[in-house]
Amino acid sequence: MVFMASFATAQAGGGIETIHQYEGTSSYANFGGNCGFLGDVNGDGHDDFFIGNSSATINGVASCGEVWVRSGIDGSVLHYIAGTQNSEWVGREIEYAGDVDGDGCDDFSLGRNSPIGVDLISGARTGFRPLVLRLRTTM
């Protein structure tokens with residue numbers, strides 16, 4: 001079974017052209033179950049997008065999930081974030097946040113199920129988990 005997330009644009013005259021197409025690699029991992037645009041994450045003047053794979057099992061960690069933030073120009077990976085705990089479901093909730101930290105690049109929020117909380121991620125910073133703010137519940 002193959003799961004795909006595709007992004008298309010409407011053209012004048014009613015035609016549709018596929019811009020980028022990506023395929024998931026595992027069954028029932030919810031690849032592309034959450035995908036959309038995040039604004040200009042890398043500051044190049046073009047809107048960027050994300051693809052979530054919230055039920056993915058990575059390195060034996062069940063349903064930890066993962067998300068890719070990709071360039072709107074060429075589809076290259078700007079950020080890759082994977083969960084580290086069982087049932088964390090990274091990639092299930094991700095939202096555009098605007099330029100929260102004032103660095104000229106749009107930021108985004110990333111929800112997590114276990115522990116329950118939200119990370120605010122800076123678009124401009126690179127590397128592993130460019131964290132601006134982490135909010136967690138205490139249950």
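**An all-strand chain: sheet, hairpins and core**

Good morning. I begin with one pair of residues: Ser109 has Leu120, in strand E9, as its bridge partner. The label E9 needs a word of explanation: helices (H or I, at least four residues) and strands (E, at least two) are DSSP runs, numbered from the N terminus.

Please keep in mind that this is a predicted model, in which local features need pLDDT of at least 70 and side-chain atom pairs count only at pLDDT 80 or more, while totals for chains, interfaces and linings use all residues. Residues are numbered from 1 along each chain as its sequence is written, and side-chain values use heavy atoms, with hydrogens and water left out.

Let us take the chain as a whole. How many helices and how many strands are there in the chain? There are zero helices and 10 strands, and the pattern along the sequence reads β-β-β-β-β-β-β-β-β-β. Of the 139 residues in the chain, 42% are buried. Here, buried means under 20% relative accessible area, exposed means over 50%, and partly exposed lies in between (1.4 Å probe, protein chains only). The chain exposes about 7300 Å², and carbon and sulfur atoms supply 51% of that area. Accessible areas come from the Shrake-Rupley method with a 1.4 Å probe; for residues, only the protein chains shown count as cover. A contact means heavy atoms within 4.5 Å. Among contacts between residues at least 6 apart in sequence, 36% join residues at least 24 apart.

I turn now to the strands. Two strands pair if DSSP finds at least two bridges between them. One open sheet has four strands in the order E3-E4-E5-E6, with antiparallel pairing. Its edge strands are E3 and E6, each of which pairs on one side only. From one strand to the next, the twist averages 15 degrees; here axes are lines fitted to C-alpha atoms, for helices over the stretch in contact, and angles run from 0 to 180 degrees between N-to-C directions.

Within this sheet, E4 and E5 run antiparallel and are joined by five bridges; Asn53 stands opposite Glu66 in E5. Five bridges also join E5 to E6 (residues 77-82), again antiparallel, and Trp68 stands opposite Tyr80 in E6. E5 and E6 form a hairpin with six residues between them, and Gly75 in the turn has a positive phi of about 80 degrees.

Next comes E8. Antiparallel to E8 runs strand E7 (residues 94-98), joined by four bridges, and Gly98 has Asp107 in E8 as its bridge partner. E8 also pairs with E9 (residues 116-121), in the antiparallel sense over six bridges. Arg112 is bridged to Gly117 in E9, and two residues separate E8 and E9 in their hairpin. Is E8 largely enclosed or open? Six of its seven residues are buried, so E8 is largely enclosed by the rest of the structure.

That leads to the interior. In soluble globular proteins, nonpolar side chains tend to be buried together. A nonpolar core is a set of buried Ala, Val, Leu, Ile, Met, Phe, Trp, Tyr and Cys residues joined through side-chain atoms within 4.5 Å. The largest such core has 11 residues, among them Val41, Val69, Phe108 and Leu110. Strands E5 (66-70) and E8 (107-113) each supply at least two residues of this core. Leaving out residues up to four places away in sequence, Val41 touches residues including Val69, His79 and Phe108.

Beside Val41 in the sequence is Asp40, in the loop between E3 (31-39) and E4 (48-53). Asp40 counts as buried because its relative accessibility is 15%. What does the side chain of Asp40 reach at 2.8 Å? It reaches the backbone nitrogen of Gly45, and a polar atom of this side chain lies 3.0 Å from the backbone nitrogen of Gly43. Such a polar contact is a pair of N or O atoms within 3.5 Å; within protein, one must be able to donate a hydrogen and the other to accept it, and residues adjacent in sequence count only if both atoms are side-chain atoms. Beyond four places away in sequence, Asp40 touches Gly45, His46, Asp47, Asp48, Cys105 and Asp106.

Finally, consider Tyr22, in strand E2 (residues 16-23). Tyr22 counts as buried because its relative accessibility is 16%. Tyr22 and Ile51 are 29 residues apart in sequence and 8.9 Å apart in space, C-alpha to C-alpha. Thank you.
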